[in-house]
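Visitor: Hi! I'm new to this one, so could you walk me through it in plain words?
Guide: Happy to. Have a look first, and then ask away.

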Amino acid sequence: MHGDAARMRLYSDSARAVSERLVRARPDEAGFHYDLSFAYAGLGRLPDASREHARYQELRRAHADTLWLRTDGAADWAQMLLMLGRPDAAIDSLRVVLADSTYPFATRAALRVSPLWAPLRNRPKLEQLIQGQ
């Protein structure tokens, strides 16, 4: 939905409404907080997105689901920062992701071709990251 702000807002608001109900019904379910954090990011609500993402990570820790927790969190946060219009901060989060050589879900090659990161492609800072600088 890059470039279609009206559609992003509409879908994010629908996701927010559903996710808030789910969080109220099952507040200890990490995945519901995860979904809500992305809905808030899509609405431009940085403090709310940050709070829900932190709660998601707390619940993962509480359930001993800590494999790649820091790296997953940085990858999620990079996506949310991009949604929030903060591309340089998103690239900084991607630097954390790529620093973990055991993390299989993001590579320098993927940054070049994935449509998710297309809005970052013409930024020198991303090119430096892809080059390993």
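Visitor: Let's start with Arg60. Which residues is Arg60 in contact with, leaving aside its neighbours within four places in sequence?
Guide: Arg60 is in contact with Ala30, Asp65, Leu67, Trp68, Leu69 and Asp72. Contact here means heavy atoms within 4.5 Å. Before we go on, this is a predicted model, in which local features need pLDDT of at least 70 and side-chain atom pairs count only at pLDDT 80 or more, while totals for chains, interfaces and linings use all residues. Residues are numbered from 1 along each chain as its sequence is written, and side-chain values use heavy atoms, with hydrogens and water left out.

Visitor: Thanks. Is Arg60 buried or exposed?
Guide: Arg60 is buried, with a relative accessible area of 6%. The cut-offs are under 20% relative accessible area for buried, over 50% for exposed, and partly exposed in between, using a 1.4 Å probe and protein chains only.

Visitor: Where does Arg60 lie?
Guide: In helix 3. Helices (H or I, at least four residues) and strands (E, at least two) are DSSP runs, numbered from the N terminus. Arg60 is also 9.1 Å from Gly31, C-alpha to C-alpha, with their places 29 residues apart in sequence.

Visitor: How do helix 2 and helix 3 cross?
Guide: Their axes come within 8 Å and cross at roughly 160°. That makes helix 2 roughly antiparallel to helix 3. Axes are lines fitted to C-alpha atoms, for helices over the stretch in contact, and angles run from 0 to 180 degrees between N-to-C directions. Angles under 35 degrees count as roughly parallel, over 145 as roughly antiparallel, 65 to 115 as roughly perpendicular and the rest as oblique.

Visitor: And what about helix 3 and helix 4, at what angle do they pack?
Guide: At about 160°, with the axes of helix 3 and helix 4 lying 11 Å apart. They are therefore roughly antiparallel to each other.

Visitor: Which crossing is it for helix 3 and helix 4, left-handed or right-handed?
Guide: Right-handed for helix 3 and helix 4, while helix 2 passes helix 3 in a left-handed crossing. A crossing is left-handed if the near helix is turned anticlockwise from the far one by less than a right angle, and right-handed if clockwise.

Visitor: Which residues meet there, between helix 3 and helix 4?
Guide: From helix 3 they include His53, Tyr56 and Arg60, and from helix 4 they include Asp72, Trp77 and Met80. Tyr56 and Arg60 also appear among the helix 3 residues that meet helix 2, where Tyr34 is one of the partners.

Visitor: What's in the loop between helix 3 and helix 4?
Guide: Ala64 is found there, and so is Trp68. Phi of Ala64 is near 60°, a positive value in a residue other than glycine, and phi of Trp68 is near 60° too. Ala64 is exposed, with a relative accessible area of 64%, whereas Trp68 is partly exposed, at 23%.

Visitor: New topic: how many aromatic pairs does the structure hold?
Guide: It holds 5. Rings of Phe, Tyr and Trp (its six-membered ring) pair if their centres lie within 6.5 Å; planes under 30 degrees apart count as stacked, over 60 as edge-to-face and the rest as tilted. Tyr34 and Tyr56 form a tilted pair, 4.9 Å centre to centre with 55° between the planes. Tyr34 is in helix 2 and Tyr56 in helix 3, 22 residues apart, and the pair links distant parts of the chain.

Visitor: Which residues do ring pairs link into a cluster?
Guide: Tyr34, Phe38 and Tyr56. Tyr34 is partly exposed at 26% relative accessibility, and Tyr56 is buried at 11%.

Visitor: Last one! How many residues are in the largest nonpolar core?
Guide: There are 14, and Leu94, Trp117 and Leu126 are among those with the most contacts inside it. A nonpolar core is a set of buried Ala, Val, Leu, Ile, Met, Phe, Trp, Tyr and Cys residues joined through side-chain atoms within 4.5 Å. Helix 4, helix 5 and helix 7 each supply at least two residues of this core, and helix 5 gives the most, with 5 residues. A second, separate core of 9 residues includes Phe32, Phe38, Ala41 and Leu84.
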